[in-house]
Amino acid sequence: MEAIRKQATKLREQVARQQQAVLKQFGAGGYGGSDNLVTDEAELHQHQKLEKLYISTRAGKHYQRDIVRGVEGYIVTGSKQLEIGTKLSEDSRKYGSESTCTSGSTLSRAALNHGRARAQMEKERGNLLKALGTQVVEPLKAMVMGAPLEDARHLAQRYDRMRQEAEAQAIEVAKRQAKVRETPGNSESIMKLEAAEAKLQDLKANMAILGKEAAAAMAAVEAQQQRLTLQRLIAMIEAERTYHQRVLQILDQLGGEMISERQRIEASPSPIMDNTMPPPPSYEEVNGVYASQTHNGTTDSMGYFLGEVMHPYQAESDVELNLSIGDYVVVRKVSNNGWAEGECKGKAGWFPFGYVERRDRVLASKVAEVF
């Protein structure tokens, strides 16, 4: 019979150890425990509340880390874009100030305006990156690594360890109670039972106090997490919104300047045609005179040269050329009455000489368009 009792006791101890092993397995690296040996409803409620707070603050901490990691990546990328944009601004301003274009200064002015606007936009980008660093990354990092969160988590973990100790002590009390029942009147067993029960009561009292402290600390950290994270998100949104609004204003101004410049060019008044200007001569009238020069005749050959069309012209007869601004014409002869003959885009004909300007330097690609 004694052997059976010893075997039963040994079996109960083995079960208790297995319970503790399961508790450690599921609570490793975090907070948690078993509710099987909780002594009363108030303590169970306290335990469940702490467990939820622990999970909530851990998730909040991870989200703060995610925000920090994402914003830091954005800052790194933005810094590279800032470097590239600044270089582009410098290149535009350099071209605008050093250009020696012979056909006008329109592009030079546009390049200067673009360089100025780009520099302003990159300055705004720098302000955004600085704001994200000081108003988002630094405060969240401070809270993730801050003492309040760590202190609260340590309190919760101390409570968890004390609770597990109380559970083990409750098992010990149950064992002592069984031994007293098995050997009634044994004073030594009774004294050990009383000592175990006293220890259990002390653990319960301390656990209740520590549980309240841990719950209050974790609740305060949770509220701070929620409030601070929301504030930093709002700060991030405000910084980005301010940046985009200012960049939009800069782009609107730049676009308006460039469009005005383009409209000014397109709306440049065409030279007024002299109503007394005779019609262009026919090809039969000037046949064979391409190589001659007659100052008092029909034509005045100046040698072939390239001309850029500065004003559009609509042909009024089959022997005339249609001209568009920016076209290039091979001018082959110029008459004394204001007409010139040449070739543009594979077609030959007459056009008012005042509608083109001579160009001594032309890109090869433009020359190819003539033919």
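Which polar contact joins the side chains of Glu 124 and Arg 246? The two side chains meet in a polar contact of 3.4 Å. The model is predicted.

## Overall fold

The protein chain holds six helices and six strands. Read from the N terminus, the order is α-α-α-α-α-β-β-β-β-β-β-α. Five helices thus precede the strands, and a helix follows them.

The chain has 371 residues, and 35% of them count as buried. About 22,300 Å² is exposed. Carbon and sulfur atoms supply 55% of that area. Consider contacts between residues at least 6 apart in sequence: 70% of these join residues at least 24 apart.

## Glu 124

Glu 124 sits in helix α3, which spans residues 106-144. Is Glu 124 buried or exposed? Its relative accessibility is 15%, so Glu 124 counts as buried. The cut-off for buried is under 20%.

Leave aside residues up to four places away in sequence. Glu 124 then touches Tyr 243, Arg 246, Val 247 and Ile 250. Of these, Arg 246 is the partner in the 3.4 Å polar contact between side chains.

## Nonpolar cores

In soluble globular proteins, nonpolar side chains tend to be buried together. Here the largest nonpolar core has 22 residues. Leu 50 and Met 218 have the most contacts inside it. Helices α2 (41-98), α4 (147-182) and α5 (187-266) each supply at least two residues of this core. Which helix gives the largest share? It is α5, with ten residues.

Another core lies apart from this one. It has 19 residues, among them Ile 67, Val 68, Val 137 and Leu 140.

## Strand β3 and its neighbours

How many residues of strand β3 are buried? Eight of the eight, in a strand that covers residues 328-335. Strand β3 is therefore largely enclosed by the rest of the structure.

Strand β3 has β2 (residues 305-309) as a partner. The two pair in the antiparallel sense over four bridges. Glu 308 has Tyr 328 in β3 as its bridge partner.

Strand β3 also pairs with β4 (residues 339-344). This pairing is antiparallel too, over four bridges. Val 334 stands opposite Ala 340 in β4. The strands β3 and β4 form a hairpin, with three residues between them. In the turn, Gly 338 has a positive phi of about 95°.

## Aromatic cluster

A pair of aromatic rings is described by the distance of the centres and the angle of the planes. The structure holds three aromatic pairs. One of them joins Tyr 313 and Trp 339 edge-to-face, at 6.5 Å centre to centre and 75° between the planes. Why does this pair tie together separate parts of the chain? Tyr 313 lies in the loop between β2 and β3, while Trp 339 lies in strand β4, so the linked parts are 26 residues apart in sequence. Both Tyr 313 and Trp 339 are buried.

Tyr 313 also pairs with Tyr 355. This pair is edge-to-face, at 5.5 Å centre to centre with 80° between the planes. Tyr 355 lies in the loop between β5 (347-352) and β6 (356-359), and Tyr 313 in the loop between β2 and β3, so the pair ties together parts 42 residues apart in sequence. Tyr 313 and Tyr 355 are both buried. Ring pairs link Tyr 313, Trp 339 and Tyr 355 into a cluster.

Conventions
Residues are numbered from 1 along each chain as its sequence is written. Side-chain values use heavy atoms; hydrogens and water are left out. Buried means under 20% relative accessible area, exposed over 50%, partly exposed in between (1.4 Å probe, protein chains only). Contact means heavy atoms within 4.5 Å. Accessible areas come from the Shrake-Rupley method with a 1.4 Å probe; for residues, only the protein chains shown count as cover. A nonpolar core is a set of buried Ala, Val, Leu, Ile, Met, Phe, Trp, Tyr and Cys residues joined through side-chain atoms within 4.5 Å. Two strands pair if DSSP finds at least two bridges between them. A polar contact is a pair of N or O atoms within 3.5 Å; within protein, one must be able to donate a hydrogen and the other to accept it, and residues adjacent in sequence count only if both atoms are side-chain atoms. Rings of Phe, Tyr and Trp (its six-membered ring) pair if their centres lie within 6.5 Å; planes under 30 degrees apart count as stacked, over 60 as edge-to-face and the rest as tilted.
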